[in-house]
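Welcome! Here are some short exercises, each with a worked solution. Have a look at the structure, then work along.

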Amino acid sequence: MALLPVLDTAESRGHATCTACPSLCRSSCPVARAEARESVQPQRLMVQAGLLKSGALSPVGLGDAPFHCTDCGACEAACGLGVEAPLHLQLARGRVMAGGEGPSAAAEIAGGFGVAGNPFGESLESVLEAPADALGLGIRRKAEIVYHPGCVTLRHVPDAVASVLVAMSRGSLPELRLTSVSGQCCGAPLAWAGDLEGFASHAARFARALEGCRSLIVQDAGCARTLRHLYPQVGVSAPVEIRSLTELIPPEPIRSSALFVPCQLRRQPGLRTGETALGHGGAGEPRVDEGTLSNACCGAGALLPETVPEVAAAMGGEILEAFRATSASTWYVASSRCVAHLRRVDPSAPVLEVAGRLEAREDSR
């Protein structure tokens, strides 16, 4: 991969640091906690990634181990030594995939980008354009404040997109606009599949498409982390302010509802997310407290639901059980990716993305 020389020095330093480290990040990883396996905790995975790079371990020997990660950033926060383990694990995935030993789901996702510029291999613009046209919302060439649902939201949580579009048409989100960027993928699944070279090229194209935009309002917390954190790691700058849609969600409590704020949204310093309102819920509205959970991660991050589905499902199941314990009739989650995953785990669960609160507030008036 042509991108590897750019990252080679940092990668080698990271491997060396982790090899000599007494596992400072060991208890931070939600996947390792869920699996209860020492072999998939971040420090061990980094040591194995170093052996793979040096040739001391083959892709067959490593297998799908680097895919046991949700790219949540917990290990980076716990490290204290500046090791960006998720990035290095993505490089390890690339080597495993190049050796023909990666999960077939990762190969299919990477292939989808060659067809349509997203992991699903089909255009998503129409998913946005049809309801936008019905509500009289035009797709502009440029705008200062742009709504970006994310590919998972468009494909799997279209009701969350509809809630935002309805709020825009009613004037509840007066500055938010749609452009061609709104229907595009940020490229994160390419990186998660190990194709960092392809990701860097996609990221550069996406960044160029943001010309004229001042703020990008992102619905998927995974997209926000990718744009703010992973783009710079591969030398791409998104020259806009990245904000979360949750910032625009009203703090008023919704009757008979409960709220969960996933890890990727909580763990992004400097991201304007409206945590004060969403993180604590409204008066009289219960919140699923991550402190009461053995694993405060829904398991939706990166490609875990596709590459290690049984672990992802178990992690999502714990969140669903926590919601059931609140006795609330509507469960709001501040992540469209997490919503999509929880709905797969239990299609009957009354899970809504927080954008649904926009309509709930309007309908209660």
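**Exercise 1.** Find how many bridges join strand β2 to β4, and in which sense the two run.

*Solution.* Start with β2 (residues 145–148): 4 bridges join this strand to β4, and the two run parallel. Strands here are DSSP runs (E) of at least two residues, helices are runs (H or I) of at least four, and both are numbered from the N terminus. Two strands pair if DSSP finds at least two bridges between them. Next, pick out a facing pair: isoleucine 145 stands opposite serine 215 in β4.

The model is predicted, so local features need pLDDT of at least 70 and side-chain atom pairs 80 or more, while totals for chains, interfaces and linings use all residues. Residues are numbered from 1 along each chain as its sequence is written, and side-chain values use heavy atoms, without hydrogens and water.

**Exercise 2.** Follow the chain from β4 to β5 and give the handedness of the crossover.

*Solution.* First, β4 pairs with β5 (residues 241–244) in the parallel sense over 4 bridges. Valine 218 stands opposite serine 244 in β5. Between these strands the chain passes through helix α13 (residues 221–233), making a right-handed β-α-β crossover. Right-handed means that, with the strands pointing away from the viewer, the path from the first strand over the helix to the second runs clockwise.

**Exercise 3.** Work out which strands stand at the edges of the sheet β6-β7-β8.

*Solution.* This open sheet has 3 strands in that order, with parallel pairing. β6 (257–260) and β8 (351–353) are the edges: each has a single partner strand, so one side of each lacks a neighbour in the sheet.
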